[in-house]
Amino acid sequence: MKNLYWALRICGAICRRVGMMGATRLHQATLASVGPGSRFQAGVRFAQPRTVSIGDECYFWRGCNASAEVADAPLIIGDRVQVNKDVHLDTTGGLTLGSRVLISEGAVIYTHDHGLDPRAAPQMMPKTIADDAWIGMRAIIMPQCRRIGRGAVIGAGAIVVHDVPPGAIVAGNPARVIGQKPLLAEVAA
């Protein structure tokens with residue numbers, strides 16, 4: 001029984017590795033650009049692949065998906081970004097992720113709104129998440145939030161409806177600033 005357990009573990013690890021290599025090659029072939037060292041687990045989906053540009057050494061976990069209600073919605077991702085499993089990125093209004101952004105599992109980021117009529121044309125609301133921001137697990141970034149500042153931290157489960165200043169720590173529903181962390185430039189000084 002013990003040998004069977006370890007045989008299945010090894011087989012599973014090999015399958016995951018092969019799946020990652022295949023998914024990475026698929027995305028390198030179909031996305032507008034993918035930087036060196038970026039990797040994708042199997043099950044990552046981009047609805048508009050020709051509008052997606054990804055920097056160097058990024059990592060995408062399974063279940064991550066990016067979708068848009070329009071054909072030319074850009075998704076621009078900087079270097080060393082990590083998007084964890086089951087994250088949904090709405091790119092309808094355009095989404096830019098700076099370098100070293102971390103998005104924890106289950107987070108949802110919206111870039112458009114329909115007002116009170118779900119059949120109305122989407123109202124585009126471009127969004128920028130600056131360098132070194134961290135979005136906690138199951139956080140929801142609503143379309144009205146147009147910018148998350150450099151080094152900001154979004155708490156787990158937060159619902160963000162306003163712009164977040166650099167270095168701010170926000171949490172709650174609706175999210176509000178509960179603290180401030182020093183930015184790297186301040187720490188070095």
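A search of the whole structure finds zero disulfides, a disulfide being a pair of cysteine sulfur atoms within 2.5 Å. The model is a predicted one, in which local features need pLDDT of at least 70 and side-chain atom pairs count only at pLDDT 80 or more, while totals for chains, interfaces and linings use all residues. Residues are numbered from 1 along each chain as its sequence is written, and side-chain values use heavy atoms, with hydrogens and water left out.

Two cysteines show why no bond is found. The closest cysteine sulfur to that of C11 belongs to C15 and lies 4.4 Å away, too far for a bond; for C58 the closest is in C64, at 11 Å, again too far for a bond. C58 is buried, at 1% relative accessibility, whereas C11 is partly exposed, at 43% (buried means under 20% relative accessible area, exposed over 50%, and partly exposed in between, with a 1.4 Å probe and protein chains only).

The largest nonpolar core, a set of buried Ala, Val, Leu, Ile, Met, Phe, Trp, Tyr and Cys residues joined through side-chain atoms within 4.5 Å, has 38 residues, and those with the most contacts inside it are F46, F60, I103, I135, I148 and I154. At least two residues of this core come from each of β4 (52-54), β7 (75-77), β10 (95-97) and β21 (168-172), where strands are DSSP runs (E, at least two residues) numbered from the N terminus. Leaving aside residues up to four places away in sequence, I135 touches L102, I103, S104, A107, I109, I129, I141, I148 and I154, contact meaning heavy atoms within 4.5 Å.

Note on methods
Helix = DSSP H or I, 4+ residues; strand = E, 2+ residues; numbered from the N terminus.
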